[in-house]
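I opened this notebook to keep track of what I looked up, entry by entry. Each entry takes one part of the chain and stays with it until the picture is clear.

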Amino acid sequence: MTMDANVKQAGRLPAVLILAGFIIVVAGMKAANSILVPFFAAVFIAVICTPPMFWLQRKGVPKVLAIVIMVVAILFVGLLFGALIVPSLNDFLLSLPGYQERLSVNLSDLISLLRKNGVNIPQNLVSETFNPGWVMSLAGGIFSALGSVLTNAFMILFTVVFILLEVADFPKKLRLVLKDPETSLSAIEKFSRDAKRYLVIKTLISAVEGIVIWLWLLILGVDYPVLWGTLVFLMNYVPNIGSIIAALPAILLALIQLGVGSAILTALGFAVANIVLGNLIEPRLMGKGLSLSTLVVFLSMVFWGWVLGPIGMILSVPMTSLVKIALESCEGTRGIAIMLGSGAEIEQV
């Protein structure tokens, strides 16, 4: 082997090692998803709880008491959420096969009607390429995954408590460890501030949209409105694609339960809520710079959904957004953040 060949091989080796390391890490995460999903959920909750906890401390409340108040608030919200969703969730999962069967019957009736009017559609082709029951199965899978996460509620709660205990003293530890603490801490504080702002605003907007959809479906008389409101809250973390995934099961259920008119009204309610809250109010509060490329959203949802399951789909965009915020906090990596963005940064230049 010549010297040039040795140099080329040595140049290729780091890239191969990086790729191999990435594959090993991803495989490990996929194998440990039962541990990682509750941990990521705990980090997510802790980040949302840190602003009110720091606000309580600024008002003179001791750190331990502020954490106790936040834990009580988490318990209250969790118990209320469980009391509202668990009965409907169990009933929906039991009724899911019946809904899928009725959707298949309605699809067959539609094909027969089209054939009578001269539109010849092969039955096998439609059943193989278009299965509306899949949408209901996807919703059932998301709710089942949510139920499995709720079974780890105490583990999540304890993890949140330890994170909140740690976060108060974390800047002091960094000052002792870092060589240039002021420069490094300014970037870290910027990331922390932007990350908390993003998650808090996104959670509040998602909660409001979920409540609006719940009330709208309750008025229309669609079954399990609290489930569809919860699905909107969860899938609202995934922009563009998430709103469609959240809307389709409720629209199909309204169609088979109440008819075409109610299905149209259901779709109209989802569209209005998404336009007003998702496209008008949220960008004003969030800022265009925090938006992600549609391709990045789709790829991150597919990747994290494959690694962590349905909950990974929901957490994919928040995790990718936090990565983008972290990249924006440093001058050397800001170019990568722009590549992940939706292009709003280019328009602002």
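Before using any helix number, I noted that a helix here is a DSSP run, H or I, of at least four residues, and that helices are numbered from the N terminus. I also noted that I am reading a predicted model.

**Entry on helix 11**

I looked up Leu285 and found it in helix 11, which covers residues 260-286. Is Leu285 buried, partly exposed or exposed? Its relative accessibility is 42%, and because buried means under 20% and exposed means over 50%, I wrote Leu285 down as partly exposed.

I then asked which residues make the nonpolar surface patch that includes Leu285. The patch is made by Leu265, Leu268, Val272, Ile275, Val276, Leu280, Ile281 and Leu285, and its area is about 650 Å². Beside this list I put a general reminder that an α-helix has 3.6 residues a turn, so residues three or four places apart point the same way.

For a contact across the sequence, I checked Leu285 against Arg197, and although their positions lie 88 residues apart along the chain, their C-alpha atoms are separated by 9.5 Å.

**Entry on helix 9 and what comes before it**

I began with Tyr224, which lies in the loop between helix 8 (181-220) and helix 9. I marked its backbone, since Tyr224 has a positive phi of about 55° although it is not a glycine. With a relative accessible area of 11%, Tyr224 is buried.

How many of the residues of helix 9 are buried? I found 10 of the 11, so helix 9 is largely enclosed by the rest of the structure. Among the buried residues of helix 9 are Pro225, Trp228, Gly229, Thr230 and Met235.

I next looked at how helix 9 (residues 225-235) meets helix 10 (residues 241-258), and noted that they pack at an angle of about 165° with their axes 8 Å apart. Because angles over 145 degrees count as roughly antiparallel, I recorded helix 9 and helix 10 as roughly antiparallel to each other. Their crossing is right-handed.

**Entry on two oblique pairs**

I took helix 2 (residues 33-58) and helix 6 (residues 153-167) together, since their axes come within 8 Å and cross at roughly 45°. Helix 2 and helix 6 are therefore oblique to each other, and I noted a right-handed crossing for this pair.

For helix 12 (residues 294-308) and helix 13 (residues 310-328), I found a packing angle of about 135°, with the axes 7 Å apart. What is the relation of helix 12 and helix 13 to each other? I entered them as oblique, with a crossing that is right-handed.

**Entry on two single residues**

I looked up Leu89 in helix 3 (residues 63-116) and found a relative accessibility of 8%, so Leu89 counts as buried. I then asked how far Leu89 is from Phe143 in space. The answer, C-alpha to C-alpha, is 7.1 Å, while the two residues are 54 residues apart in sequence.

My last search was for Arg334, which is found in helix 14 (residues 334-340). At 30% relative accessibility, Arg334 counts as partly exposed. I paired Arg334 with Lys324, which is 10 residues apart from it in sequence and 8.6 Å apart in space, again from C-alpha to C-alpha.

Definitions and conventions. Residues numbered from 1 in each chain as written. Predicted model: local features only at pLDDT ≥ 70, side-chain atom pairs only at ≥ 80, totals over all residues. Heavy atoms only, no water. Patch = residues over 30% accessible without salt bridge, like charges linked within 9 Å, V, L, I, M, F, W, Y side chains within 5 Å. Areas by Shrake-Rupley, 256 points an atom, 1.4 Å probe, with all protein chains shown as cover. Salt bridge = Lys/Arg side-chain N within 4 Å of Asp/Glu carboxyl O. Buried < 20%, exposed > 50% of the residue type's maximum accessible area, 1.4 Å probe, protein only. Axes fitted to C-alpha atoms, helices over the stretch in contact; angles between N-to-C directions. Parallel < 35°, antiparallel > 145°, perpendicular 65-115°, else oblique. Left-handed = near helix turned anticlockwise from the far one by under 90°.
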